[in-house]
Amino acid sequence: MSNVTTNFEDRIVEYEQLLEDFKNLLKKNNLKFTIQRELILETLYDSNEHLTPEALHQLIQKRHPTLKTGIATVYRTLSLLEESNVVTSLSFGAQGKKYELGAKEHHDHLICMECGEITEFVDEAIEKRQHTITNELGFKMLDHSMQIYGICKKCQEKNK
C-alpha cells in the first residue's frame, strides 16, 4: 500500500487569522489595507490551484467586474506576500511563477513540463529520509521544497 497522499484542501490557518496577519503586514510596510488587496489574499485562500499573477487577476476581475484591480497591484501584493512567506511560488522560467498560499500542510510538487499541471503530494518515506540525511550530516533543516519535473500521464498518453 502506498503512503503517498495528494489531498491538500485543508488549511492550517483560518482566514480571519490570515487576514489579521495580512493587515499587520501591510501596516508594518506602511501600506494601506484595500479591498483589492484583501481580494487577492481571499482568492488565493479559496483556490486549490497554483495561480499565475495573470490568472489571479482574471479570477478577481471575473468575480468582481465592477472593482478596479490593476495587474500591478496583484504583482506588488504577491511580492510582499512571498517576501513574508505567506505565499510560495514555483518558477516556470520564461513562463513566470505560479503562486499558492503557504497556509496548507507541507507538500511537494510534480510539475508537468508540457501542460503545466501541478500535482501536490506527500510521501512519508521521503520526508523521513530527508530528516535522516540532515541529521547524519549535522544540518539543521528549517524548511525544504521538492519539485519533480517531468511529463504527466495525460500528456504521455496524448503524445503516443
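**Exercise 1. Disulfides**

Determine how many disulfides the predicted model contains, where a disulfide is a pair of cysteine sulfur atoms within 2.5 Å.

*Solution.*
Step 1. A disulfide is a covalent bond between the sulfur atoms of two cysteines.
Step 2. Application of the distance rule gives a count of 0 disulfides.
Step 3. Cys115 is in no disulfide; its nearest cysteine sulfur belongs to Cys112, 3.7 Å away.
Step 4. For Cys152, the closest cysteine sulfur is in Cys155 at 3.7 Å, which is too far for a bond.
Step 5. Accessibility is classified as buried (under 20% relative accessible area), exposed (over 50%) or partly exposed (in between), with a 1.4 Å probe and protein chains only. Cys115, at 44% relative accessibility, is therefore partly exposed, whereas Cys152, at 16%, is buried.

**Exercise 2. Basis and confidence of the model**

State the conventions of the model, and identify where in the chain confidence is lowest and where it is highest.

*Solution.*
Step 1. The model is predicted: local features need pLDDT of at least 70, side-chain atom pairs count only at pLDDT 80 or more, and totals for chains, interfaces and linings use all residues. Residues are numbered from 1 along each chain as its sequence is written, and side-chain values use heavy atoms, with hydrogens and water left out.
Step 2. The mean pLDDT (the predictor's confidence in each residue, from 0 to 100) of the chain is 87, and 91% of its residues reach 70 or more.
Step 3. Helices (H or I, at least four residues) and strands (E, at least two) are DSSP runs, numbered from the N terminus. Confidence is lowest in strand S1 (residues 4-5), with a mean of 48, and highest in helix H3 (residues 53-63), with 96.

**Exercise 3. Helix H1**

Compare the span of H1 with its expected value, and establish which of its residues are buried.

*Solution.*
Step 1. The expected span of a helix is 1.5 Å times one less than its number of residues. The 14 residues of H1 should therefore span 20 Å, and the end C-alpha atoms are 20 Å apart, in agreement.
Step 2. The buried residues of H1 are Tyr15, Leu18, Leu19, Phe22, Leu25 and Leu26.
Step 3. Viewed down the axis of H1, these buried residues fall within an arc of 120°, so they line one face of the helix; the arc is that of the directions from the helix axis to the C-beta atoms.
Step 4. The buried residues of H1 pack against H2, H4 and S3, with contact meaning heavy atoms within 4.5 Å.
Step 5. Glu16, Lys27 and Lys28, on the other side of H1, are exposed.
Step 6. Thr77 is found in helix H4 and is buried, at 3% relative accessibility. Apart from its neighbours within four places in sequence, Thr77 is in contact with Phe22, Arg37 and Ile40.

**Exercise 4. Helix H5**

Describe the dimensions of H5, its two sides and its N-terminal cap.

*Solution.*
Step 1. H5 (residues 124-136) has 13 residues and reaches 18 Å from its first C-alpha to its last, close to the expected 18 Å.
Step 2. Glu127, Gln130 and Thr134 are buried in H5. Because these residues fall within an arc of 60° when seen down the axis of H5, they line one face of the helix.
Step 3. The packing partners of the buried residues of H5 are strand S4 (108-112) and strand S5 (118-123).
Step 4. Lys128, Asn135 and Glu136 are exposed on the other side of H5.
Step 5. At the N-terminal end, Asp123 caps H5, with a side-chain oxygen 2.8 Å from the backbone nitrogen of Ala125. A polar contact is a pair of N or O atoms within 3.5 Å; within protein, one must be able to donate a hydrogen and the other to accept it, and residues adjacent in sequence count only if both atoms are side-chain atoms.
Step 6. Just after H5, Gly138 takes a positive phi of about 65°.

**Exercise 5. Positive phi outside glycine**

Locate Asn30 and Asn85, and classify the accessibility of Asn30 and of Asn85.

*Solution.*
Step 1. Most residues other than glycine have a negative phi.
Step 2. Asn30, in the loop between helix H1 (15-28) and helix H2 (35-46), has a positive phi of about 55° although it is not a glycine.
Step 3. Asn85 lies in the loop between helix H4 (71-83) and strand S2 (87-91), and its phi is near 60°, also a positive value.
Step 4. Asn30 is exposed at 73% relative accessibility, and Asn85 is exposed at 65%.
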